[in-house]
2 protein chains.
Amino acid sequence: MAEVLDTSRCAECAFKSLLFEKLEFDELLELDGAKKEVKFEKGEKILKEGSEIKEFVYLKKGLVKLSKKTPNKKDHIISVSKPKTFIGFLTVFSHDTYQYSLTALEESTLCFIDIHLIKKIIQENGLFAMDVLAKISQVSDEIIHRRVNICSKQLRGRIAYLLIFFSKDIYHNTKFELPLTRKEFGELIDMSTENVIRILSEFRRDGLIKIDGSKIEILNFESLDKVSRFG
Amino acid sequence: MAEVLDTSRCAECAFKSLLFEKLEFDELLELDGAKKEVKFEKGEKILKEGSEIKEFVYLKKGLVKLSKKTPNKKDHIISVSKPKTFIGFLTVFSHDTYQYSLTALEESTLCFIDIHLIKKIIQENGLFAMDVLAKISQVSDEIIHRRVNICSKQLRGRIAYLLIFFSKDIYHNTKFELPLTRKEFGELIDMSTENVIRILSEFRRDGLIKIDGSKIEILNFESLDKVSRFG
DNA sequence: CGCGGCTTTGATGTTCATCAAGTAAAGTGG
DNA sequence: CCACTTTACTTGATGAACATCAAAGCCGCG
């Protein structure tokens with residue numbers, strides 16, 4: 001179950017994150033008081049789409065997915081978020097309810113900060129406002145960029161693109177454990193589970209990757225990258 | 001050719017736009033001095049991807065497309081922007097160069113405002129900062145939402161979705177002139193020109209729409225909407 | 001032990017891009 | 001003004017890409 005942690009100070013954690021660099025010390029103290037730090041197990045649901053936005057969500061550690069139900073009740077994964085980013089950026093300032101569900105893909109630690117406090121600090125601290133803007137802009141831009149890329153590729157290209165994404169952007173390693181089931185993998189790049197498996201096997205036969213269950217190793221990064229760009 | 005206009009005051013124009021409601025009068029005056037208002041003809045290129053960001057771009061009147069070249073040199077349309085929105089929101093605060101090209105789809109009037117001035121006002125005026133955040137969040141969210149929707153549908157659903165988008169969100173009318181060629185239509189929703197035509201003809205045969213060149217009229221909104229949601 | 005969920009492979013039919021060919025409209029140069 | 005090119009649009013035919021169905025193996029869990 002989700003477990004509320006005896007929190008470490010924001011000052012220590014926040015200094016590591018780009019966003020909070022611009023905060024004054026008393027603002028950080030105020031954050032300390034108003035935040036909750038919660039740990040989630042792999043697979044645990046963090047937020048449900050449609051629920052009211054009360055807090056600003058920061059992913060301190062771990063990996064989470066943003067998803068949404070389609071009209072025909074299928075799950076659709078919008079994006080996978082790396083640690084040290086703010087989730088829900090996309091809706092927090094323009095909606096009253098979360099537009100996406102949030103689920104932990106690995107054991108993850110999240111900070112929940114009262115949304116009114118964040119808004120207050122934004123209004124009072126111009127540098128902080130600029131940083132939030134930069135971050136929001138960057139996060140949105142990445143998501144859009146990835147979406148456009150994925151849409152315009154054929155299946156082989158999509159799989160390759162996603163493998164390289166996990167390797168380069170998330171794990172910084174050619175060897176990693178895929179945090180998604182094959183089904184989720186398909187939901188993230190709009191293809192059937194069967195074809196996810198088929199193409200992964202194809203890549204294995206072609207010597208591009210090695211697979212052992214959810215453990216994946218990229219053997220030929222250059223070729224895979226070519227497939228990702230032109231497939 | 002693009003024509004620099006004898007500009008009307010920001011105060012008048014801006015008061016109509018949500019974003020500028022929160023500005024003080026002297027800030028508006030400052031904007032007046034720092035902005036350029038330019039008119040573009042249909043088809044004219046406004047910005048090229050890769051060029052340096054010096055200005056904040058506001059679409060006062062008209063319609064523009066955001067596009068990008070794929071690695072194999074094809075054009076890809078990211079989004080179509082309605083008037084009274086800020087373009088380039090997606091990159092202005094996180095990059096030095098524009099990530100997308102901008103082209104006028106109709107005769108359009110755009111305002112260019114020195115980016116440093118905007119950043120200065122954001123830092124000094126908290127309410128303005130909050131408004132920019134809300135807008136940026138909303139614009140990004142819409143684009144992501146549309147992209148995800150389009151990706152997850154089959155061709156019939158995509159075409160229907162886009163027709164309804166133009167009818168409801170852009171023209172507020174069941175009758176409108178499609179501002180895109182069939183080819184561009186395809187570039188926007190990732191499908192071949194031929195299939196755009198084929199499916200439009202199909203919709204015509206089924207009595208869902210009426211087509212006369214680029215003039216389109218939606219005859220059966222409900223059915224088209226069903227196709228859009230479940231196709 | 002048996003059930004359900006995840007994974008895998010093969011077979012089948014649908015959806016879609018591509019190729020080819022033709023028409024219409026619109027600009028271009030003499 | 002007319003031949004000439006170019007560009008957008010349209011339809012049909014073909015094959016490739018892909019989803020779906022079916023069946024079987026695997027593993028964790030009650």
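The following questions and answers introduce a predicted model with two protein chains, A and B, and two DNA strands, C and D.

User: How is the model numbered, and which pLDDT do local features need?
Analyst: Residues are numbered from 1 along each chain as its sequence is written, while chains are lettered from A and ligands numbered from 1 in the order in which they are written. As the model is predicted, side-chain atom pairs count only at pLDDT 80 or more, totals for chains, interfaces and linings use all residues, and local features need pLDDT of at least 70.

User: Which rotation superposes chain A on chain B, and how are the two copies thus related?
Analyst: The copies are superposed by least squares on the C-alpha atoms of residues with pLDDT of at least 70 in both. A rotation of 180° with 0.0 Å of shift along its axis places chain A on chain B, with an RMSD of 0.0 Å. The two copies are therefore related as by a two-fold rotation axis.

User: Which element gives the most to the side of chain A that touches chain B?
Analyst: Contact here means that the C-beta atoms of two residues, placed from the backbone, lie within 7 Å; 36 residues of chain A and 36 residues of chain B take part. Strand S6 (75-81), helix H3 (89-92), helix H4 (115-124), helix H5 (126-151) and helix H9 (221-230) of chain A each give two or more residues, where helices (H or I, at least four residues) and strands (E, at least two) are DSSP runs numbered from the N terminus. With 17 residues, the element that gives the most is H5(A).

User: How do the residues of that side of chain A divide into nonpolar, polar and charged?
Analyst: Ala, Val, Leu, Ile, Met, Phe, Trp, Tyr, Cys and Pro count as nonpolar, Asp, Glu, Lys and Arg as charged, and the others, Gly among them, as polar. On the side of chain A that touches chain B, the division is 18 nonpolar, twelve polar and six charged.

User: Which element supplies the largest share of the surface near DNA strand C?
Analyst: A residue is near a strand if its C-beta atom, placed from the backbone, lies within 6 Å of it. DNA strand C is surrounded by 15 residues, and the closest are A:Thr181, A:Arg182, A:Ser201, B:Gln154 and B:Met191. The largest share, five residues, comes from H8(A).

User: Which element supplies the largest share of the surface near DNA strand D?
Analyst: Around DNA strand D there are 16 residues, of which A:Gln154, A:Leu155, B:Thr181, B:Arg182 and B:Ser201 come nearest. Helix H6 (155-171) and H8 of chain A, together with helix H7 (182-189) and H8 of chain B, give two or more residues each. The largest share, five residues, comes from H8(B).

User: How far apart do the C-alpha centres of domain 1 and domain 2 of chain A lie?
Analyst: An automatic or database domain assignment provides the domain bounds, and chain A is divided into domain 1 (3-143) and domain 2 (153-230). Their contact takes seven residues from domain 1 and seven residues from domain 2. The C-alpha centres lie apart by 28 Å.

User: Which residue takes a positive phi in the hairpin of S11(A) and S12(A)?
Analyst: Strands pair if DSSP finds at least two bridges between them; strand S11 (residues 209-212) of chain A and S12(A) pair in the antiparallel sense over four bridges. A:Asp212 stands opposite A:Lys215 in S12(A). The hairpin has two residues between the strands, and the residue with a positive phi, near 65°, is A:Gly213.
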